[in-house]
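Visitor: I would like to walk through this structure and ask what stands behind each label. Please set each value against its rule.

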Number of protein chains: 2
Amino acid sequence: MIEKLNMEDVLAMRSDGYYSQRTAGAKNAIDSVLPIMKEAIKSLPQTEFLRFADFGAADGGTSAALWAELISGLRKDGNIEHIELLYTDLPSNDFSTLFKTMQGMHGDPSNAYQIQNENVFVHGCGTGFHRQLMASDSLSLGFSATAMHYVSEKPCEIEDHVHMVGGQHEERALFEQRASEDWQKILLARASEMKSGSQFIVLNFGIDEEGRYLGHTGGHSMFNKFTEHWRALLSSGNITQEEFRKATFVQHYRTLDEFKKPFNNSESPVSKAGLRLKHARTQLTKCPYQKAFIDSEGAMSPKQYAASLIPTMRSWSETVFLSALSSRSPEEAQSIVDAFYNSYEAEVAANPDGHAMDYIHIIMVIEKE
Amino acid sequence: MIEKLNMEDVLAMRSDGYYSQRTAGAKNAIDSVLPIMKEAIKSLPQTEFLRFADFGAADGGTSAALWAELISGLRKDGNIEHIELLYTDLPSNDFSTLFKTMQGMHGDPSNAYQIQNENVFVHGCGTGFHRQLMASDSLSLGFSATAMHYVSEKPCEIEDHVHMVGGQHEERALFEQRASEDWQKILLARASEMKSGSQFIVLNFGIDEEGRYLGHTGGHSMFNKFTEHWRALLSSGNITQEEFRKATFVQHYRTLDEFKKPFNNSESPVSKAGLRLKHARTQLTKCPYQKAFIDSEGAMSPKQYAASLIPTMRSWSETVFLSALSSRSPEEAQSIVDAFYNSYEAEVAANPDGHAMDYIHIIMVIEKE
């Protein structure tokens, strides 16, 4: 999940706890699929050893508790099979933190499942998940959380907005087309990797039946706010028109129908590869920062709330705005981006009503015949 | 191989070519085992897919040409089996450079064997090689170069020298004991991982039949020179007695006999685990910097030679001296260590005769019954 890499760059100077706190929402969403994962490991296919994979895992922090519980559960039930867990992400990912976490050298010691259990082996793979990442017919159980909204290439700039959710019809169509091709590639790669009878359980950012998506669940819409504050910098002459348009997220939020499409036709390449969609649903995960603000019943000031909310947005979005300013010196670009988030934060501090970052996930259980 | 990680820190500000140049000797030694490796892949055990491993691989740069040639050779011979190559090192290793190299995003494009061949998958493992690193009975071919002279813990400080090769009898005995236990652990871990009929081919720094070892092959002895220049800083009051003794390499150079010992007794745990030593020999690899100096026939000045030789030594040794100064500020420690290498470099520049860093490797072919 690219967000967290950037988060680590951005937050490198802050304390450890800060990082975990900022990913609380993503972790809550992952924790919610624990029952599905527990069900899946009851019917793992017969193999020489168990191979699990976590695709687009970043530093593995948000899913570590899930894997720790699943693996200790298997061992408690008397399963002594050797387990290999392959974490995948882009090559620039922070694999060192990942390997340290699972050995108890970083973060929460209860996540160090590699040393708490016998014969559990943690591996990494630094190749993008649009390609096949392991030998065919070797995967016992696949998992991915909040990673596959990144498309393999930006099909166009969004001229009047920063994200495809606010794009014109033609722009959205180009993103949809790219995301559709990517989704097929992702599924065909997984189909090759998966053993017959294995499952791939995937949570993705997407658009639900009510048209809701990340930061757009009633109240203010986060991506519209990004666009407003970015446009304000254009109006004030701080950025150029070209810099305005280059700030385009390389993401597509698929609808539930877009996710389901490859499975609806028995003649599709995905169906022919043996994949079946067992289950699909959408899920809203409330913004943990807004919840903390409301629960504080006034103990937290609007200013404090704004100072907690904006960094969680900034952690994964900052790279988009910095990249748009790539023709400037790093210092100048950083100063403009600071001003951008500061103006958003000031707006929230002035009136926090309706500002939040709720998550919308599409959750799917996919099985290989 | 810890050397290269440190090298990357040290040389981070220098150009790409500089790095490759500094590892020329290590790469020459690896290239010399290509015929043994080619022989080994002729008789790989039957498996669902081929799994190769490179233990203590650092960023994978020095062995990449070897693996590229082996894999393209297999494909040319019509082998279409899926291949997974697992690179292992400590969690702090630079796995990102490794993953980029094999995909053609960094370094020599001819090393990008992952994209030049079908169905080759590169994985990493950030756990030390004293432990088992993958499921039992899953490894088709193991390899390790210049990594296993690092012992798992420093058994004592070497009081009057910086390396066990210059230690007192009792000090050497403690290092030998730790290295012996480590070697058994390493071999038993590999025995669990290896398929019946598979081989583990390992090049290690060690002491040959003539008592030669790294930088000690006639002429000046590198570790004695390190000690002399480090002691000069003590004499001049720049470092304390405690800092002098704390500069102790966490390494043991095993003799050929020490390497062979676990195999000589059919009742040893290693023999009982099914490992057999098929072949063992020692090898001298000439210092490529001295060779370039001599071959230049005067075109390279002694000063230029010194400026090429000392950085290759510094790349893997600097961390030892910096660590010994850990109670000082980083700036102060760095300044002392700069003075240390500068004085060694000045000695070489004044009279280069007999200064070199020849490699001595012990090369072994180990088979699992």
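The questions below take up burial, pairing, cysteines, a helix, the chain contact and two backbone angles.

Guide: First, the ground rules. This is a predicted model, where local features need pLDDT of at least 70, side-chain atom pairs count only at pLDDT 80 or more, and totals for chains, interfaces and linings use all residues. Residues are numbered from 1 along each chain as its sequence is written, chains are lettered from A and ligands numbered from 1 in the order in which they are written, and side-chain values use heavy atoms, with hydrogens and water left out.

Visitor: Why is A:Cys125 called buried?

Guide: Buried means under 20% relative accessible area, exposed over 50%, and partly exposed in between (1.4 Å probe, protein chains only). A:Cys125 has 1% relative accessibility, so it counts as buried.

Visitor: How many disulfides are there over all chains?

Guide: The count is 0. A disulfide is a pair of cysteine sulfur atoms within 2.5 Å. The closest cysteine sulfur to that of A:Cys125 is in B:Cys125, 13 Å away, so it is too far for a bond. B:Cys125 is likewise in no disulfide. At 1% relative accessibility, B:Cys125 is buried.

Visitor: What makes strand 3 of chain A mostly covered?

Guide: Strands (E, at least two residues) and helices (H or I, at least four) are DSSP runs, numbered from the N terminus. In strand 3, residues 120-125, 6 of the 6 residues are buried. A:Val120, A:Val122 and A:Gly124 point one way, A:Phe121, A:His123 and A:Cys125 the other, and all are buried.

Visitor: How do you know that strand 2 and strand 3 of chain A pair?

Guide: Pairing takes at least two DSSP bridges between two strands. Strand 2 (residues 83-88) and strand 3 of chain A have 6 bridges, in the parallel sense. A:Tyr87 stands opposite A:Gly124 of strand 3.

Visitor: Why is helix 6 of chain A called largely enclosed?

Guide: It runs over residues 95-102, and 7 of its 8 residues are buried, so the rest of the structure largely encloses it. Among the buried residues are A:Phe95, A:Leu98, A:Phe99 and A:Met102. Just after this helix, A:Gly104 takes a positive phi of about 75°.

Visitor: How does the reach of helix 8 of chain B compare with the expected span?

Guide: The expected span is 1.5 Å times one less than the number of residues. Helix 8 (residues 169-193) has 25 residues and reaches 36 Å from its first C-alpha to its last, close to the 36 Å expected. Its buried residues include B:Phe175, B:Trp183, B:Ile186 and B:Leu187.

Visitor: What makes up the contact between chain B and chain A?

Guide: Contact means heavy atoms within 4.5 Å. Each side is counted: 33 residues from chain B and 33 residues from chain A. Buried area is the accessible area (1.4 Å probe) that two parts lose on being put together, summed over both. Here that is about 2500 Å², 51% of it on carbon and sulfur atoms.

Visitor: What joins B:Lys195 and A:Glu48?

Guide: A salt bridge needs a side-chain nitrogen of Lys or Arg within 4 Å of a carboxyl oxygen of Asp or Glu. The closest N and O atoms of B:Lys195 and A:Glu48 are 3.8 Å apart, and the pair forms a salt bridge. The rule finds 4 salt bridges across this interface.

Visitor: Is A:Ala58 buried or exposed?

Guide: Its relative accessible area is 1%, so A:Ala58 is buried. A:Ala58 has a positive phi of about 55° although it is not a glycine. It sits in the loop between strand 1 (50-55) and helix 5 (64-76) of chain A.

Visitor: Why does B:Asp137 count as partly exposed?

Guide: Its relative accessibility is 37%, so B:Asp137 counts as partly exposed. Phi of B:Asp137 is near 60°, a positive value in a residue other than glycine.
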